[in-house]
Amino acid sequence: MTDNRTRPDALQPLSEERLAELVAAGIPAGMHGWLGRYGVGALTVKMGIVFSEMSAERMVATMPVEGNQQVAGILHGGAHVVLAETLGSFAAGLHAGPGRHAVGIEVGATHHRSTASGLVTGTATAIHLGRTLTTHEVVMTDEQGRRLSTARITNMIRDDRD
């Protein structure tokens with residue numbers, strides 16, 4: 001697992017609320033310091049996204065369909081994109097390392113089929129991990145392993161400002 005964000009000086013004390021958020025989202029303990037200041041983000045929590053693998057090269061998470069449907073009762077297309085952007089941005093942030101951060105500059109998705117229940121799994125795979133840009137392909141599948149959508153996200157790596 002890539003651990004560009006887990007050096008000792010990046011660790012910050014966590015509130016009980018923040019720790020509970022990180023644990024519920026499946027964030028490994030070694031990454032709590034990296035995410036301790038901001039957490040996983042309110043939208044990630046609201047969408048029910050839970051991580052199972054975290055590295056710059058490969059990031060995997062699940063998201064429930066329930067609560068993320070559009071009016072016709074199927075998973076909202078925007079929910080696919082939220083999952084894709086979350087995975088690609090977290091992976092890019094890990095790649096960026098200390099003193100740097102990732103900002104999304106492009107995301108696009110193609111929807112292949114719908115789903116009305118269960119869990120969706122998103123798998124982000126690095127296409128390019130450069131000094132200033134990262135690109136990830138993110139594939140969303142249903143519980144039967146059928147491809148629901150394919151997205152691509154590009155992030156720009158920037159230096160932190162004091």
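1. A word on terms before we start: a residue counts as buried when its relative accessible area is under 20%, and as exposed when that value is over 50%. Keep in mind, too, that what you have here is a predicted model.

2. Let's begin with Asp 142. Is Asp 142 buried or exposed? Its relative accessibility is 5%, and the cut-off for buried is under 20%, so Asp 142 counts as buried. You'll find Asp 142 in the loop that runs between strand 5 and strand 6.

3. What does Asp 142 touch? Setting aside neighbours within four places in sequence, Asp 142 is in contact with Thr 115, Leu 119 and Leu 148. There is also a polar link inside the loop region: a polar atom of the Asp 142 side chain lies 3.0 Å from the backbone nitrogen of Gln 144.

4. Now look at the turn itself. Strand 5 and strand 6 make a hairpin, with five residues between them. Gly 145 sits in that turn and has a positive phi of about 85°.

5. The two arms of this hairpin are strand 5 (residues 133-141) and strand 6 (residues 147-159), which pair in the antiparallel sense over nine bridges. If you want to trace the register, Leu 133 stands opposite Met 156 in strand 6, and Glu 137 has Arg 152 in strand 6 as its bridge partner.

6. On its other pairing, strand 5 meets strand 4, again in the antiparallel sense, this time over eight bridges. Here Gly 122 stands opposite Met 140 in strand 5. Strand 4 and strand 5 form a hairpin as well, with three residues between them.

7. Why is strand 5 described as largely enclosed by the rest of the structure? Because seven of its nine residues are buried.

8. Step back and you can see the whole sheet: six strands, open, in the order 1-2-4-5-6-3, with antiparallel pairing. Strand 1 (50-54) and strand 3 (100-111) are the edge strands; each has a single partner strand, so one side of each is left without a neighbour in the sheet. From one strand to the next, the twist averages 20°.

9. Finally, add the helix. Helix 4 (residues 77-96) packs on the sheet, where it touches strand 1, strand 2 (58-64), strand 3, strand 4 (119-129), strand 5 and strand 6. The direction of helix 4 makes about 40° with that of strand 6.

How values were computed. Residues are numbered from 1 along each chain as its sequence is written. This is a predicted model: local features need pLDDT of at least 70, side-chain atom pairs count only at pLDDT 80 or more; totals for chains, interfaces and linings use all residues. Side-chain values use heavy atoms; hydrogens and water are left out. Two strands pair if DSSP finds at least two bridges between them. Helices (H or I, at least four residues) and strands (E, at least two) are DSSP runs, numbered from the N terminus. Axes are lines fitted to C-alpha atoms, for helices over the stretch in contact, and angles run from 0 to 180 degrees between N-to-C directions. Contact means heavy atoms within 4.5 Å. Buried means under 20% relative accessible area, exposed over 50%, partly exposed in between (1.4 Å probe, protein chains only). A polar contact is a pair of N or O atoms within 3.5 Å; within protein, one must be able to donate a hydrogen and the other to accept it, and residues adjacent in sequence count only if both atoms are side-chain atoms.
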